[in-house]
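Grab a coffee and open the model in your viewer. Try each exercise yourself before you read its solution.

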Amino acid sequence: MHRHQRSIFDHPQLLSVAGGPLRVYQGGPETGRPPILLLHGAMYDRADLCWLHVADQLARGEEGHPGERVMAIDLPRHGGSRPWHGTLDQPRLEKIVIALLDQLGIDLVLLVGLSLGGAVSIGLTLHHPDRVAGAVLINPGGIGERLAQHGLTWAYTRTPGLDRLTATMLAGNEAWAKKSLAAALHRGAETPGFDRLLELTLAEARARAENRERAMDDWQHAVIGPSRIKINFARPGEVDGLARITRPTVWLHGAADPLVSRAEIDAAVAATPGARLVVAERAGHVLAVDRPEVVVREVRALVDRLAAGFEVSTELTTPAGPRQADPGMTTKMGPKAFTGIVALSRGEQIDESAITPLLEFIDARVDCADFRLIVVLKALLAYGDHLSEPTRQAIRRSVLGFRYWMDEPGTDGMCHWSENHQILFAVAEHLAGRHFATEVFTNGMTGAERRDRARIRIDRWLAHRFRHGFSEWLSNTYYEEDVAALSVLIDHTDDDQLRVRATMIMDLIMLDLAMHRFGGRFVGTSGRCYEQQKKDPAAADVNPVLAHACGDPSGGDAQIDEQSLSILFALGDYRVPAVIKEIANDPTPVTIRQSTGLDLDEVEAEFAGADPLHEKAMFLWAMEAFTNPESINSSAAVLEAWPQMRGNTFIAGLAPFVPWRRTGLLPALIHTLNPATRGVAIQRADIVTRRTPHWLLSSAQRHHPGTFGDQQHLWQATLPGDLSVFTTHPARPMFDDNARNFSPSAWVGNGIMPDVAQHEGVLLVRHDNRGRPGLLERGRLRLSHLHWPRGRFDETIESGHRLVGRAGESLIGVLALRPVRDGSRDEVISDGIDTAWAVICGDTARDGSLAEFSAFLDVCTLTAEADGIRLQLPVEHQLATEDRRPTRYELRRRGPWLVDGNEISTDFDRYDTPWVSSPRRPGALRISHGPHELIMDWVTAHREER
């Protein structure tokens, strides 16, 4: 005997809400998550009809999907919610739902609305976002401009008594009810549960007649105007429109819907931040009955995303309109690609739902959306034939609807301007435009126009990197983004010159990776580096690229996470030249000197005669130089030319400077205010790296000491076992918002940048934190601290101002100018406004045991002089003269870097290495190692491997 399963429709409640009766159905477990509220459609619909096959599935759950708390209501004048008085239009329906939530003590719900219920859900999401966690909108009303028979329908609603007469006539007409219901459902009378659906439809028809109600709802009468629908949330420019939605939405559309067109649904989705569209085949307007499994699946997916903390935006009002809140670094730097992309590259079928979160991120237009866009473009361009048509169309909608550059209409939270973002956005626009060349994108441009204008930006970006190097120098995070963009460009552009030049820049990144490879990791000083990657070289985002390019030291195959951007490099056609692989694997001790980027005082001359907005300003913004005396006029010019950018999360604070631009006073004003944001600018780095089989020591020489810092990582010593040692001047972030609340910090960057100089394996660093305070600076700490990971050393000796450690055969000693004390884990603190440290790297073959090396450091002295600091070493008599370390190192505050009295230049060529030498601003480069060479001529776009 079959036992009847309890349904949420078995035991309804009848409540008095907002002056009328409301039938409420509830079921499912208490989960701590927002309950799901189901809102049905208009006319002869009701909760137990619309949600017959949905509500119980959601409430009960199944394996892998726990049940949810589910509520469904009969809207006023539907089902058991009768009688009601007055006009039940959109505002009143919204008030009734809110009153119900208040009465039940429910703060937050996930809305699921079909047709009329969808329109009410949109209104609630717009007007009461604090009560809505998210919404699933199924063929919603309120998004179209006109009905199919608009004029006739309007006349019908305006004929007195006609609609009420219709309801009376239909009440007892079972044949009509059966025919109408079958016509509304995709499978007609073959729909599962059709008899029960018919029974409910007839009951609704009788109730309307008995209560002298009209066949159409008040909402329909209210919105149908003589020439158009009065409520159209998707109407361009609508003040109360979809662009203001700040909660995640999923839009479900029945492919055979005769009432809501695909064009209407596409326009609505394009207008809604973070919207996701799912088109269900074999479904019409009543999708919840035609394809209940689709509704259940998408509701559960949204519940899961909300539980994981995914948010689209929080609206922030600015003069330029709404902008999207930043989701925070954890989310932004989370999965950027999708599981299954490797299988897809082999022509295998995959679970394409893994692509959906990337599209949602792209559509939300928040920072790092471009990281995801380059991945879905790769999937479309390279493997589109293996994707289903719905997925291809979903990608197409996201690609066509994206905002690719700052001059386009719209306000969002994306960062277009930093060095890595500039190439990602430009490559994405170029390739999207090429693929959809004849289509019109949402900003009105054709794909061909996008392709061509983006090419100009790409060419400039590539030329600056070849000529000047990277502003985000040696970044173990952002080189991964550069590599991803270049990989996809090399594979998919049809412009041969662009492909060759992109390959050259990829070569230069690979050269940087090869020269700074130690223990299979990419390590060294960096223009932008974060705490985890500084403390643990194994965490460097670009390590998988390095392993794939130059081999894994363990001898195994390089493993690349499919959800990382590095996967695009592994799937690409680019092959690392043999000469670069040889450099990476050369064990010979070597000193590398290179210069990369420009100083701010060099930019004006470098860009004399260039386009001041599209070239000079964009180069400055690639340096993240916004509020420096040398850059502030350019920043104001950008916001004047592109006023929509004044609402961007990152740079909204620059808007007040725009009116000052034409006064000529902005540089002086910035000098007077001295904002700490001046330190965000990433200026030229003159880098020394000493690489041996035992250790790698890398630093940026004398990098603007005494000025504010941000994410610049100015020196690092790396030993075997992923052991890194470095110092910083800890600081507090200048801002509290998610977009900017992580740097500078205790271990990211420096509050005030130190003076650093290095000669071979010896380094001096002076943290002189005196100097005038700055606007936005949050209290200057009077100390510096050392990252000293004791647990990773094999043994250490610590005494007084001295710390010595051994890892295998590698040795490192650190001397502090002032007394030190332990801080938190792996932290050694030196108190004082002016502190200094000396670092000496060695190995057991050269320096003996740890005890012997420690004894050597006992007789080394680090002292403060009138004009700087001095490190004095004893003469190493046991070594040959040519192998001895110099004995005197002097770092003068306003003077030179001296080693044994000889001035050491810290003004480097572009490359000064055993393998490549070149002055700054080269036009050609030749890289050599053993029998192999790589020749690159930028002007002729000639690249040759030998």
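Below are four exercises, each with a worked solution.

Before you start: this is a predicted model, where local features need pLDDT of at least 70, side-chain atom pairs count only at pLDDT 80 or more, and totals for chains, interfaces and linings use all residues. Residues are numbered from 1 along each chain as its sequence is written, and side-chain values use heavy atoms, with hydrogens and water left out.

**Exercise 1. Check the length of helix H21 and work out how enclosed it is.**

Step 1: find the element. Helices (H or I, at least four residues) and strands (E, at least two) are DSSP runs numbered from the N terminus, and H21 covers residues 496-515.

Step 2: get the expected span, which is 1.5 Å times one less than the number of residues. For the 20 residues of H21 that gives 28 Å, and the end C-alpha atoms sit 29 Å apart, so the two agree.

Step 3: count buried residues (under 20% relative accessible area with a 1.4 Å probe, protein chains only; exposed is over 50%, partly exposed in between). In H21, 16 of the 20 are buried, so the helix is largely enclosed by the rest of the structure.

Step 4: look at the N-terminal end. Asp495 caps it, with a side-chain oxygen 3.2 Å from the backbone nitrogen of Gln497.

**Exercise 2. Describe strand E23 and its neighbours.**

Step 1: check burial. Seven of the seven residues of E23 (residues 810-816) are buried, so this strand is largely enclosed by the rest of the structure.

Step 2: sort the side chains. In a regular strand they alternate between the two faces of the sheet. Here Ser810, Ile812, Val814 and Ala816 point one way, while Leu811, Gly813 and Leu815 point the other.

Step 3: find the partners; two strands pair if DSSP finds at least two bridges between them. E22 (residues 802-807) pairs with E23 in the antiparallel sense over six bridges, with Leu803 partnered by Val814. E23 also runs antiparallel to E26 (residues 834-843), joined by seven bridges, and Ile812 has Cys841 as its bridge partner there.

Step 4: inspect the turn. The hairpin of E22 and E23 has two residues between the strands, and Gly808 takes a positive phi near 65 degrees.

**Exercise 3. Trace the pairing through strand E29.**

Step 1: start with E28 (residues 868-872), which is joined to E29 (residues 888-892) by five antiparallel bridges. Ile869 is partnered by Leu891 in E29.

Step 2: carry on to E30 (residues 897-899), which has three bridges to E29, again antiparallel. Leu891 finds its E30 partner in Trp897.

Step 3: name the motif. E29 and E30 form a hairpin with four residues between them.

**Exercise 4. What lines the second largest cavity?**

Step 1: get the term straight. On a 1 Å grid over the protein atoms alone, a cavity is a set of points where a 1.4 Å probe fits but cannot get out, and lining residues have an atom within 4 Å of a point.

Step 2: set the scene. The structure holds seven cavities of 30 Å³ or more, and the second largest has about 50 Å³ of space.

Step 3: list the lining. Among its residues are Arg593, Gln701, His759, Trp897 and Phe908. Trp897 is also the bridge partner of Leu891 in E30.

Definitions and conventions. Polar contact = N/O pair within 3.5 Å; in protein donor to acceptor, adjacent residues only side chain to side chain. 1 Å grid on protein atoms, 1.4 Å probe; cavity = no way out; pocket = protein on both sides within 12 Å on 5 of 7 lines; lining within 4 Å. Points joined across faces, edges and corners; volume = space filled by probe spheres on them.
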